[in-house]
Amino acid sequence: MSNSNMFYIKCGALDEMKDNFPESVEIRGTTVNYSDLENADVVITNIQQLQGDENKWLSTLSEDFYDLIIFDEAHHNVASSWTGLRNKFKNAKIVSLSATPMRADGKLMSGEIIYSYPVCEAIKNGYVKKLKAIVLNPATLRYVREDQGIETEVPLEEVRRLGEKDADFRRSIITSKETANTIVDASIRELQKIRNNSNNNKHKIIASALNYRHCIQIKEAYLARGLRADYIHSKEDGKYNKKVLDKLENDELDVIVQVKKLGEGFDHPYLSVAAIFSIFNNLSPFIQFVGRIMRVVDQNNPDSSNNIGTVVFHAGANIAKRWEDFQEYSQADQEFFDQLLPLEGLDFEDASELEINPDTSRTPHINNVKITRQNGVLLQEIPLMEDENVRNAFDIFLEKGISPEIYKEMYEQLRPVKIPKAQKRQADRKALDELIKTMTGELLYRHHVNPKGKNLDNTFVKDNFALIKSAIDRKISDLVGIGKGKRHEMTQEQIDLANDTLQEICNEVEKEWFNG
């Protein structure tokens, strides 16, 4: 309240010279009691504090205790926990606020819409960043079905259909090194552009991954290219994740990778490039993710070079389903997001081929389709705010398969980031070790074995996790021909061989220790 830049003072809602500030209290654990709420004008809490049939805040307060209830992130207000709150304080007026009225499960936020503010207006006024998308466009796609063994080349329409119907195909687009690396390279290119244009090196990349293993893969890809990268994940403890977020806040990272961790309410304005390595089955979680790069650096300044955000994705990842959610959006927002991620008009004619071959293994988390090579990927830059007549003219050119000279800057050949061989080897070796740890944990979990227990070791010296990891490590050492404690001397070829056979090695260890 002592800050003269506080929103309510700046807008004249409150007078900093008068003692008329409302009394507020926060419900969190047992730090407040009923008398604190009685003496307050505003009570602040979250739904977790109000859950349960015997919840003291619901059972002890009268039905008319609250005059007004404001739900933030109110697309959750159709959940049973929110319904219980409404039923308890049935006479209170309710105001629901949300940037994404539709939930991930397809349910629409309850209530009557009394005000809607289009995203495009927020961009024009400099309240959120101006966005554009970078689409990675392979020319054609070749794939082989495991049960057929015949190579097939398909057009874009069939690629999209396969992406919708074939989970292995869809996952391979974003998990194979060949295609994932093009997303990495394109996102770095866009980060460098934003940093150079703004003369500000605080701008960063946020990447969305599929799972824990995928986080490791993406992190190491950025590290190999010389960027400071780390990830947060629910599998890591709170202390680890906090340390990573502290590095982000202190500008000690260039890239942060996550799986649905940095969602609602997370605010770091220097996240400016969103690299999509995951699958969004509908609109709401996608907007939540893109929202992480929409916070402005320079308030109320739509022309600031700091207020630019870029979304990078691969055209073959298939995100068409989320567009169905637009039927509940205003036309202004629908046009805005249609420009961001168009489903038509991607020009594949000048790019080279994307080849896909099957992966013969069929174990959990392993795809039945493997991308082996991708060349000549083109980047299509899609500005969100441009002259409508120009955009319509450009659409006509695209329909005719022509890339006009005036738009030549929108089509750039993606040059892979040059990675020093030593740096790549070091990053791949580190990623191999992290992957072994992950697969060890998964193996123990699958057989309901406590990682910290020592029941697998007859000498009761090593815990179960260390024992199984050592078994995997020994087989890798035998395979590549290195001695104990010499993994740091592994060559790139040895690391690649270990990666290629790691699943087979884990299967052998599992058979020896659990199925023998």
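In the predicted model, Cys-506 has a relative accessible area of 5% and is therefore buried, since buried residues are those under 20%. Cys-215 is also classed as buried, because its relative accessibility is 0%. The count of disulfides in the model is zero.

Burial was also examined along helix 7, which spans residues 167–175. Seven of the nine residues of this helix are buried, so helix 7 is largely enclosed by the rest of the structure. The buried residues are Asp-168, Phe-169, Arg-170, Ser-172, Ile-173, Ile-174 and Thr-175.

A nonpolar patch was found on the surface, with an area of about 340 Å². Leu-68, Ile-70, Val-95 and Leu-97 make up this patch. Of these residues, Val-95 is located in strand 4, which covers residues 93–96. Val-95 counts as partly exposed because its relative accessibility is 33%.

Salt bridges number 19 in the model. One of them pairs Asp-230 with Lys-219, and the closest N and O atoms of this pair are 3.8 Å apart. This salt bridge links distant parts of the chain, with Asp-230 in strand 9 (residues 229–232) and Lys-219 in helix 9 (residues 212–224), 11 residues apart. Asp-230 is buried, because its relative accessible area is 7%. Lys-219 also counts as buried, at 6% relative accessibility.

Asp-230 forms a salt bridge with Lys-247 as well, and here the closest N and O atoms are 2.9 Å apart. Because Asp-230 lies in strand 9 and Lys-247 in helix 10 (residues 238–249), this pair ties together parts that are 17 residues apart in sequence. Lys-247 has a relative accessible area of 23% and is therefore partly exposed.

Salt bridges that share partners also join Lys-132, Arg-189, Glu-190 and Lys-193 into one network. Within this network, Lys-193 forms a salt bridge with Glu-190, with 3.9 Å between the closest N and O atoms. Both residues belong to helix 8 (residues 177–198), where Lys-193 and Glu-190 are three residues apart, or about one turn of the helix. Glu-190 is buried, because its relative accessible area is 1%, whereas Lys-193 is partly exposed, with a relative accessible area of 28%.

Conventions
Residues are numbered from 1 along each chain as its sequence is written. This is a predicted model: local features need pLDDT of at least 70, side-chain atom pairs count only at pLDDT 80 or more; totals for chains, interfaces and linings use all residues. Side-chain values use heavy atoms; hydrogens and water are left out. Buried means under 20% relative accessible area, exposed over 50%, partly exposed in between (1.4 Å probe, protein chains only). Helices (H or I, at least four residues) and strands (E, at least two) are DSSP runs, numbered from the N terminus. A disulfide is a pair of cysteine sulfur atoms within 2.5 Å. Patches are made of residues with over 30% relative accessible area and no salt bridge: like charges are joined within 9 Å, nonpolar side chains (Val, Leu, Ile, Met, Phe, Trp, Tyr) within 5 Å. Accessible areas come from the Shrake-Rupley method with a 1.4 Å probe; for residues, only the protein chains shown count as cover. A salt bridge is a side-chain nitrogen of Lys or Arg within 4 Å of a carboxyl oxygen of Asp or Glu.
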